[in-house]
Amino acid sequence: MSSYYDELETRSAEARAAALAEALPEQIARAKGLPGYAEALAGVDPARVTDRAALARLPVLRKSDLVSAQGPGAPLGGYAARPVHGFAHVFQSPGPIYEPGGIEQDWWRLGRFLHACGIGQGDIVQNCFGYHLTPAGMIFENGARAVGAAVLPAGTGQTELQARAAHDLGVTAYAGTPDYLKLILEKADTLGLELNITRAAVSGGALFPSLRAWYAERGIACRQCYATADLGMVAYESEAMEGMICDERVIVEIVTPGTGDPVAPGEVGEVVVTTLNPDYPLIRFATGDLSAVLEGESPCGRSNLRIKGWMGRADQTTKIKGMFVRPEQVAALVARHDEIDRARVVASREGEMDVLTVRIETSAGDPAAYAGTVAEVLKLKGTVELVPPGGLPRDGVVIEDARVYD
């Protein structure tokens, strides 16, 4: 297998600037013709947006903008270049918010990451990302097809069946959240099944150093990428294991949260991404994630911009068990029951697994009465703890991330 996915990965700075000067005006013009951008890009001359400095003068697009623009008559909010029926898939993520998806060659651009993981022809990938409504399963499947790997569309759950399938089929690679592979391996150990998994491509949650080391001790090289349902892949790890290299079809900026103004190199700020996908041209899309530019080029030879990886959230939105939990969901939980005064979601760790605890301030006495609402509103199951009126801090925090990332 070649070291690089294509020649784009090793371009010179001059070649990158020239390509950007050509591609960026085309994408801005494409976006300007869509209803969703009618106001934001009014008066913008696409021909003059040829570099990062010009791009930084355009307004930031936030997920809340997409949510408010979407509705029965405009399910994609006027931001897509095709009608809904023109896409192979349409997904629903928590919010709810709808995202389009294609089945064209490497539409989500995950092939580049899987190639960097050493996954390709001859591999069988056990894809443990969800296939139900949310796009992660199809995102990784599309990438596996791009590199010629076979896919076991496993989804989540039924760990014993997952372990048996991995053994029976001779699965060689895993795709999924960082911690679920550990459950499969431990279940295989319990059942006395030998597995052949040597590579893991993970996303959707923090890859803690202790977990990566645990996999390495079992002969599994585990690397992670940063991708979103809206943008596809944003950045990925290579064999150099120094930060994350930005994808070749996105433009990544790090800005002061809430302003859209680029920060100085090396400073922590919010990740803002412009995608060059012609089907869904998101311009300066604010992810809500924090990161920083890692200066210099990767020792692996890939020359694109690097970021330090995920460094937290610019707001309180938090990814737990591979799913985002948003402040508006916590508010919806409180609104479902008149006797609830307020609630606080706490994300913690137990071993190598995420743990969700929902602390509810109420005079009621039965935590089980709220378990169904928690699962329905947050799309996750967790432990419910009741505290008496006045028992939660008045600090404005509704989602607390108590996990340690060192």
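1. Domain bounds here come from an automatic or database domain assignment. With that in mind, a friendly reminder that this is a predicted model. The assignment splits the protein chain into domain 1 (13-312) and domain 2 (318-401). Between the C-alpha centres of domain 1 and domain 2 the separation is 28 Å, and the contact draws on 13 residues from domain 1 and 12 residues from domain 2.

2. On to the area of that interface. Domain 1 and domain 2 bury about 1100 Å² between them, and carbon and sulfur atoms give 61% of this. On the domain 1 side, the residues that lose the most area to domain 2 are Pro-94, Asp-179 and Gly-204, which together make up 41% of what that side buries.

3. Asp-179 deserves a second look. Its side chain meets that of Arg-349 in a salt bridge, at 3.8 Å from N to O. The cut-off for a salt bridge is 4 Å, so you may like to keep that value in mind when you view the pair. Between domain 1 and domain 2 the count is 1 salt bridge.

4. How many salt bridges does the structure hold? The total is 28. One pair to view is Arg-82 with Glu-104, whose closest N and O atoms are 2.9 Å apart. Arg-82 sits in the loop between α3 (63-69) and β2 (89-93), while Glu-104 sits in the loop between β3 (97-101) and α4 (111-116), so this salt bridge ties together parts 22 residues apart in sequence.

5. Now a helix pair, within which you can check the packing for yourself. Helix α6 (residues 159-169) packs against helix α7 (residues 180-191) at an angle of about 75 degrees, and their axes are 9 Å apart. Angles of 65 to 115 degrees count as roughly perpendicular, and α6 and α7 are therefore roughly perpendicular to each other.

6. Which residues make this contact? From α6 come Thr-159, Glu-160, Gln-162, Ala-163 and Arg-164, and from α7 come Tyr-180, Leu-183, Ile-184, Lys-187, Ala-188 and Leu-191. By class, the residues of the contact of α6 with α7 are 6 nonpolar, 2 polar and 3 charged.

Methods. Residues numbered from 1 in each chain as written. Predicted model: local features only at pLDDT ≥ 70, side-chain atom pairs only at ≥ 80, totals over all residues. Heavy atoms only, no water. Axes fitted to C-alpha atoms, helices over the stretch in contact; angles between N-to-C directions. Helix = DSSP H or I, 4+ residues; strand = E, 2+ residues; numbered from the N terminus. Parallel < 35°, antiparallel > 145°, perpendicular 65-115°, else oblique. Contact = heavy atoms within 4.5 Å. Nonpolar A, V, L, I, M, F, W, Y, C, P; charged D, E, K, R; others polar. Buried area = accessible area lost by both parts, 1.4 Å probe.
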